[in-house]
Amino acid sequence: MTQKVAVLGTGKIGEALLSGMIGAGWAPTDLLVTARRRERADELRARHGVTPVTNAEAAKTADTLILTVKPQDMGTLLDELAPHVPTDRLVISGAAGIPTSFFEERLAPGTPVVRVMTNTPALVDEAMSVISAGTHATAAHLTHTEEIFGAVGKTLRVPESQQDACTALSGSGPAYFFYLVEAMTDAGILLGLPRDKAHDLIVQSAIGAAKMLRDSGEHPVKLRENVTSPAGTTINAIRELESHGVRAALIAALEAARDRSRELASGTKD
Ligand SMILES: NC(=O)C1=CN([C@@H]2O[C@H](COP(=O)(O)OP(=O)(O)OC[C@H]3O[C@@H](n4cnc5c(N)ncnc54)[C@H](O)[C@@H]3O)[C@@H](O)[C@H]2O)C=CC1
Ligand SMILES: O=C(O)[C@@H]1CCC=N1
């Protein structure tokens with residue numbers, strides 16, 4: 001049976017998902033998109049061969065609705081959608097913070113809702129997407145959600161109570177690594193290297209370290225110890241990181257991200 005999937009509010013995350021799904025074999029003719037602006041809809045059609053529709057048309061036509069608007073826009077979108085969504089549709093939310101109960105309260109009783117937190121490496125099929133079922137979502141709904149988000153990377157099921165923490169870790173996670181690369185590139189400049197060379201050195205080191213973290217089976221502490229020679233260079237750098245409280249700063253930063261995710265729960269917090 002053909003399953004039509006609609007992405008509503010196709011911005012950065014929505015388009016990355018769309019592109020990954022098409023790459024994984026979804027027929028563009030089975031994919032519908034909605035956008036606020038006409039030019040954006042035309043752009044999506046030209047780039048991916050998908051069909052732009054209105055939010056109401058998507059609700060009536062698609063079997064699965066993936067809502068990828070900003071948390072603050074979700075209430076307005078749901079007001080628009082609610083009269084048109086039959087209860088046999090699966091509604092997937094990709095928004096930070098907003099609980100499945102927010103959707104269940106606004107959609108017809110019994111509508112299955114799944115909450116997903118993905119991340120921007122979806123653009124290169126290396127996303128980490130964490131998936132939680134709402135009250136009426138079945139095992140089949142979770143499997144279908146995994147099929148969709150599996151097109152852009154790894155998936156993991158978690159209880160919804162862990163979603164805000166996951167948002168802080170993997171949802172926002174890529175930003176912390178980009179920030180680190182930016183800061184380390186600045187350090188390279190301080191040490192007299194041209195920016196482009198410093199950038200290349202750090203990026204390749206990041207890729208190598210990421211592959212070792214994923215593939216070596218070693219604990220990160222062991223991997224770091226292997227780099228840290230007695231009376232060598234690395235331990236001098238580590239001492240500075242510790243004395244500047246970088247570990248504590250990271251813990252506090254992720255706690256702040258988790259708290260903000262909780263705060264977004266009402267879907268209206270600017
Ligand atoms: N950017 C990121 O790294 C991540 C974002 N998210 C979540 O994904 C969602 C989307 O984020 P982005 O793609 O970064 O935002 P974005 O701003 O690029 O995309 C949202 C799109 O929704 C459109 N939109 C808003 N209201 C609409 C409506 N009523 N009808 C149709 N289109 C509408 C906007 O015009 C925009 O194009 C957010 O809820 C965010 O919390 C999740 C994981 C990572
Ligand atoms: O910053 C944000 O709110 C979104 C959600 C996770 C990553 N970006």
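A pocket, as the word is used here, is an open set of points on a 1 Å grid over the protein atoms alone, with protein on both sides within 12 Å along at least five of seven lines. In this predicted model, the space taken by ligand 1 is the second largest pocket, and ligand 2 sits in the second largest pocket as well. The points below take up the surroundings of each ligand, and then three residues that lie in a helix or in loops.

**Ligand 1**

- The shell around ligand 1 consists of 21 residues, among which K12, I13, N55, V69 and A96 come nearest.
- Sorted by class, this shell holds 8 nonpolar, 9 polar and 4 charged residues.
- On the side-chain side, a polar atom of R36 lies 3.5 Å from a nitrogen atom of ligand 1, while an N or O atom in the side chain of K70 is 3.3 Å from an oxygen atom of the ligand.
- The backbone takes part too, in that a polar backbone atom of G94 is 3.5 Å from an oxygen atom of ligand 1.
- Taken on its own, ligand 1 has 830 Å² of accessible area, of which the protein covers 83%.

**Ligand 2**

- The residues around ligand 2 are A96, G171 and S172, and the protein covers 47% of the 250 Å² of accessible area that this ligand has on its own.
- A96 is named for both molecules, being one of the residues around ligand 2 and among those that come nearest to ligand 1.

**Backbone geometry in two loops**

- Most residues other than glycine have a negative phi.
- D125, although it is not a glycine, has a positive phi of about 60°, and it is located in the loop that joins β6 (113-117) to β7 (127-133).
- With a relative accessible area of 43%, D125 counts as partly exposed, because this class lies between the 20% limit for buried and the 50% limit for exposed.
- A231, likewise not a glycine, has a positive phi of about 55°, and it belongs to the loop between α10 (220-227) and α11 (234-243).
- The relative accessibility of A231 is 83%, and A231 is therefore classed as exposed, a label that applies over 50%.

**D186 in helix α8**

- D186 is part of helix α8, which spans residues 173-190, and its relative accessibility of 41% makes it partly exposed.
- Between the C-alpha atoms of D186 and A198 the separation is 8.1 Å, and these two residues are 12 residues apart along the chain.

Terms used: Residues are numbered from 1 along each chain as its sequence is written. Chains are lettered from A and ligands numbered from 1 in the order in which they are written. This is a predicted model: local features need pLDDT of at least 70, side-chain atom pairs count only at pLDDT 80 or more; totals for chains, interfaces and linings use all residues. Side-chain values use heavy atoms; hydrogens and water are left out. A residue is near a molecule or strand if one of its heavy atoms lies within 4 Å of it. Accessible areas come from the Shrake-Rupley method with a 1.4 Å probe; for residues, only the protein chains shown count as cover. On a 1 Å grid over the protein atoms alone, a cavity is a set of points where a 1.4 Å probe fits but cannot get out, and a pocket is an open set with protein on both sides within 12 Å along at least five of seven lines; lining residues have an atom within 4 Å of a point. A molecule sits in a cavity or pocket if more than half of its atoms lie within 2 Å of its grid points. Helices (H or I, at least four residues) and strands (E, at least two) are DSSP runs, numbered from the N terminus. Buried means under 20% relative accessible area, exposed over 50%, partly exposed in between (1.4 Å probe, protein chains only). A polar contact is a pair of N or O atoms within 3.5 Å; within protein, one must be able to donate a hydrogen and the other to accept it, and residues adjacent in sequence count only if both atoms are side-chain atoms. Ala, Val, Leu, Ile, Met, Phe, Trp, Tyr, Cys and Pro count as nonpolar, Asp, Glu, Lys and Arg as charged, and the others, Gly among them, as polar.
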